[in-house]
Amino acid sequence: MDKRYNRRKEPKEFDEKGIRISRVSKKTKGGNQASFTALIVIGDRKGRVGVALGKAKDVLSAIKKGVRKAKKQLITIPLVDGRTGAHDVNIKYGAARLMIKPAPLGTGVIAGGSVRSVLELAGVKDVVAKTLGTNNKLTNVSATFNALKLMKKTVDTKTALGQNK
């Protein structure tokens, strides 16, 4: 019996999503040197999410590096009733301005492409988000990740001060 066909698929701990895979090159004395970058978001859809940029000579290695780096960058975000954000967040990151607001039950994720991916993998089910200023996916994903970190920091501070409801 061949061992290849007898393997069981183990359920993955995190869902992964490639936001952008780019072919980049640099000029060297010997000519152009091509490589790839992969913007990866991972999450368990239960409040944990990570974002990273993997770079390598081939696409598969870049994706693997991105996943490995994203696992090191994991944060746990505060979810109210396991479905929405704790409070409004307005953040500026580079040219991107991002607004994230909690929404009532049944609203769904109302957000643009790359922001939607991060919020869905984080496990947010009801939220309204708007990006302004840039369409750059890397900048918008980083802004979203920083907004979630800021939300976590604010909730942790309020909990430490005993101000949480």
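# Reading a two-sheet fold

Mentor: Let's start with one residue in this predicted model: Asp-81 is exposed, with a relative accessible area of 65%. The cut-off for calling a residue exposed is over 50% relative accessible area, so Asp-81 qualifies.

Trainee: Okay, and where does Asp-81 lie?

Mentor: Asp-81 sits in the loop that links S4 and S5. Its backbone is worth a look too, as Asp-81 has a positive phi of about 60 degrees although it is not a glycine.

Trainee: Which residue in the turn between S2 and S3 has a positive phi?

Mentor: That one is Arg-45, in the turn of the hairpin that S2 and S3 form with four residues between them. Arg-45 is not a glycine either, and its phi is about 60 degrees. For exposure, Arg-45 is partly exposed, with a relative accessible area of 41%.

Trainee: Let's zoom out. How many helices and strands are in the chain?

Mentor: Three helices and eight strands. Reading from the N terminus, the order of elements is β-β-β-α-β-β-β-β-α-β-α. The C-alpha trace spans about 60 × 50 × 30 Å along its principal axes, and 36% of the 165 residues count as buried. Also, among contacts with a separation of 6 or more, 55% come from residues 24 or more positions apart.

Trainee: How do I read a sheet?

Mentor: The general idea is that strands of a sheet pair through backbone hydrogen bonds, either parallel or antiparallel. Now the case here: one open sheet has four strands in the order S1-S2-S3-S4, with antiparallel pairing. Strand S1 (15-28) and S4 are at the edges with a single partner strand each, so one side of each has no neighbour in the sheet.

Trainee: How many bridges join S2 and S3?

Mentor: Eight, between S2 (residues 31-43) and S3 (residues 48-56), in the antiparallel sense. If you want a pair to click on, Val-41 stands opposite Val-51 in S3. On the S4 side, S3 and S4 (residues 75-76) are antiparallel over two bridges: Arg-48 has Thr-76 as its bridge partner, and Val-49 has Ile-75.

Trainee: Which strands does helix H1 touch?

Mentor: H1 (residues 59-72) packs on this sheet and touches S1, S2 and S3, with its direction at about 145 degrees to that of S3. H2 packs on the sheet as well, touching S1, S2 and S3, and its direction makes about 135 degrees with that of S1.

Trainee: Is H2 mostly covered or mostly uncovered?

Mentor: A general idea helps here: an α-helix has 3.6 residues a turn, so residues three or four places apart point the same way. In this case H2 (residues 113-122) is mostly covered, with seven of its ten residues buried. Those buried residues include Val-115, Val-118 and Ala-122. Ser-114, also in H2, is buried at a relative accessible area of 12%, and the cut-off is under 20%, so Ser-114 passes. Leaving out residues up to four places away in sequence, Ser-114 touches Ile-19, Lys-137, Asn-140 and Val-141. Just after H2, Gly-123 takes a positive phi of about 100 degrees.

Trainee: What is the strand order in the sheet with mixed pairing?

Mentor: That open sheet of four strands runs S5-S6-S8-S7. S5 (89-93) and S7 (109-110) are at its edges, each with a single partner strand, so each has one side without a neighbour in the sheet. The parallel case to look at is S7 with S8 (residues 127-132), joined by two bridges, and Ile-110 stands opposite Val-128 in S8. Helix H3 (residues 137-161) packs on this sheet, touching S5, S6 (96-102) and S8, and its direction makes about 135 degrees with that of S5.

Trainee: Last one. How much space lies in the largest cavity?

Mentor: About 40 Å³. The count comes to one cavity of 30 Å³ or more. Its lining includes Ile-77, Pro-78 and Leu-79, along with Ile-100, Leu-119, Leu-148 and Met-151. By type, the lining has nine nonpolar residues, one polar and no charged.

Technical notes:
Residues are numbered from 1 along each chain as its sequence is written. This is a predicted model: local features need pLDDT of at least 70, side-chain atom pairs count only at pLDDT 80 or more; totals for chains, interfaces and linings use all residues. Side-chain values use heavy atoms; hydrogens and water are left out. Buried means under 20% relative accessible area, exposed over 50%, partly exposed in between (1.4 Å probe, protein chains only). Two strands pair if DSSP finds at least two bridges between them. Contact means heavy atoms within 4.5 Å. Axes are lines fitted to C-alpha atoms, for helices over the stretch in contact, and angles run from 0 to 180 degrees between N-to-C directions. On a 1 Å grid over the protein atoms alone, a cavity is a set of points where a 1.4 Å probe fits but cannot get out, and a pocket is an open set with protein on both sides within 12 Å along at least five of seven lines; lining residues have an atom within 4 Å of a point. Grid points are joined across faces, edges and corners, and a volume is the space filled by probe spheres set on the points. Ala, Val, Leu, Ile, Met, Phe, Trp, Tyr, Cys and Pro count as nonpolar, Asp, Glu, Lys and Arg as charged, and the others, Gly among them, as polar.
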